[in-house]
Amino acid sequence: MKIKRYQAPDIQTALAMIKRDLGEDALILTTRPLGGRHRNGRGQTGRGVEVVAAVDPDGAPAAPPPRPAPAAEPAFDPDAIPIQGAAGSARDDIRIEAQDLSRRFSAFLDAELGQLPAGPAPVDRWLPGLPPAVAPRPASQPAPAVAPPVSRPSRHQVSAFRDEVLSRIACRTLEPGVPGQPLVLALVGATGVGKTTTAAKLAAWYGVRAGFQVALLSMDCYRIGATEQLRAYARVLRQPCEVVLRRQDLAPALARHRDRHLVIIDTAGRSPYHQGHVDELAAWLGTTGSVTPLLVLASTTRKEDTAQLLTQYAPLAPAGLVLTKLDETRAYAALGQEVAAAGLPLTFLACGQRVPNDLLAASPELITALFTEGWPALSRNLDLPQAAP
């Protein structure tokens, strides 16, 4: 093996010297830059390079020396001496930031753990929003007891419960008075339950179908068009209609219609939560001393609001209930429970807008059919198609 060192201004010149001196089979072993400036054969100057080359005198190319294993990257140590240069400056920044985060996190944990009360596991403090079913349970706390499965009531039990509810629903038939002592009905209730339409249906029921003398009075001075709507019904039914806008005018109006068998008063509806509405009605109706209030209740009223209505109108002592809008619900079972809980007798059932067709007098047979069969029973009694309207 023949090894020779060459120094030249640049690598091209060194390779030309090696090729000329050692031939085409020469191998380059190492290269390194030299300090200072050197001039090549063409008169050019450079920083200089040293090249070590080798050749096998027997003609075989010399085996390259084993490549030294690359030095392992030293592990990052935040406390290591800073490395000079641009890379060293970047590492310094990372190291300083890591040290700052470490100090902050340690201080935060010390403050939080130091405030934990003795007993509960730390995880309970970190997961306060988890429900008990998923939150870790302390080992000392026994597992909650598993509730036994709820069995469905049998058909016999359902039937017995329905019969018990039906037995608590009473019906009341309203008989008109006589000339000189007419029956005076006042329809009271919340806004939009259908009092005006029900007043027209009752007037047609007693006047057209039964042949009694009926008069209509309107006390609804709040709803626009309410009095005109009642006047229009009265004109069709050929019955007198009078509007009463002041409390002191009610008694004289009733006196003017004493020759009738029945006088129906349509009152203004207000919110079931309106304070003072019932007191105002009681003041109006109390001046006569002979008015029978009927509470008009829409079948679509929610259970909670129904309870509020019954409580609010209780001071008027309603003589009965008129259920309206029965064609707008199918929850008759729940409605039956509410009526039974109300403790007031049912007088009439109403649905739809046909006057007076969409009105039925309450009877035990009809109530049983309604709360047992539902809408088919109503449609059959109203001579309507069996399908829902």
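Me: Which side chain meets that of lysine 4 in a salt bridge?

Reply: This is a predicted model, in which local features need pLDDT of at least 70 and side-chain atom pairs count only at pLDDT 80 or more, while totals for chains, interfaces and linings use all residues. Residues are numbered from 1 along each chain as its sequence is written, and side-chain values use heavy atoms, leaving out hydrogens and water. A salt bridge needs a side-chain nitrogen of Lys or Arg within 4 Å of a carboxyl oxygen of Asp or Glu. With 2.4 Å from N to O, the partner of lysine 4 is aspartate 21.

Me: How many residues apart in sequence are the parts that lysine 4 and aspartate 21 tie together?

Reply: Helices (H or I, at least four residues) and strands (E, at least two) are DSSP runs, numbered from the N terminus. Lysine 4 lies in strand β1 and aspartate 21 in helix α1, so the pair links parts whose separation in sequence is 17 residues.

Me: Is lysine 4 buried, partly exposed or exposed?

Reply: Buried means under 20% relative accessible area and exposed over 50%, with partly exposed in between (1.4 Å probe, protein chains only). Its partner aspartate 21 has a relative accessible area of 35% and is partly exposed. Because the relative accessibility of lysine 4 is 34%, this residue counts as partly exposed.

Me: Which strands are the edges of the open sheet that includes β1?

Reply: Strands count as paired if DSSP finds at least two bridges between them. The 3 strands of this sheet follow the order β1-β5-β2 with antiparallel pairing. Those that pair on one side only are β1 (2–8) and β2 (27–33).

Me: Which residue in β5 is the bridge partner of isoleucine 3?

Reply: Strand β5 covers residues 49–55 and pairs with β1 in the antiparallel sense over 7 bridges. Within β5, the residue bridged to isoleucine 3 is alanine 54.

Me: At about what angle does helix α1 run to β1?

Reply: Angles run from 0 to 180 degrees between N-to-C directions, the axes being lines fitted to C-alpha atoms, for helices over the stretch in contact. Helix α1 (residues 11–22) lies across β1, β2 and β5, and its angle to β1 is about 145°.

Me: Which residues does methionine 17 touch, not counting those up to four places away in sequence?

Reply: Methionine 17 is found in helix α1, and its relative accessibility of 24% makes it partly exposed. Its C-alpha atom is separated by 7.7 Å from that of tyrosine 6, 11 residues away along the chain. With contact taken as heavy atoms within 4.5 Å, the residues touched are Tyr6, Gln7 and Ala8.

Me: Which residues make the nonpolar surface patch of about 220 Å²?

Reply: Patches are made of residues with over 30% relative accessible area and no salt bridge, like charges being joined within 9 Å and nonpolar side chains (Val, Leu, Ile, Met, Phe, Trp, Tyr) within 5 Å. Isoleucine 28, in strand β2, is partly exposed at 39% relative accessible area. The patch is formed by Ile11, Leu15 and Ile28.

Me: Which strands are the edges of the open sheet of 8 strands?

Reply: Pairing in this sheet is mixed, and the strand order is β8-β7-β9-β6-β10-β11-β12-β13. Pairing on one side only is found for β8 (241–243) and β13 (359–361).

Me: Which residue in β9 stands opposite leucine 216?

Reply: Strands β7 (residues 214–218) and β9 (residues 262–266) run parallel and are joined by 5 bridges. The residue of β9 that faces leucine 216 is isoleucine 264.

Me: Which strands does helix α11 touch as it packs on the sheet?

Reply: Helix α11 spans residues 364–373, and its direction makes about 55° with that of β12. The strands touched by this helix are β12 (346–350) and β13.

Me: With which residue does arginine 256 form a salt bridge?

Reply: The closest N and O atoms of this pair are 2.3 Å apart. Arginine 256 lies in helix α7 (residues 250–256) and its partner in strand β8, so the pair ties together parts that are 14 residues apart in sequence. The partner is buried, with a relative accessible area of 18%. That residue is glutamate 242.

Me: How many salt bridges does a search of the whole structure find?

Reply: Among the salt bridges is that of lysine 19 with glutamate 24, whose closest N and O atoms are 3.0 Å apart. Lysine 19 is partly exposed at 47% relative accessible area, whereas glutamate 24, at 61%, counts as exposed. For the whole structure, the number of salt bridges found is 11.

Definitions and conventions
Accessible areas come from the Shrake-Rupley method with a 1.4 Å probe; for residues, only the protein chains shown count as cover.
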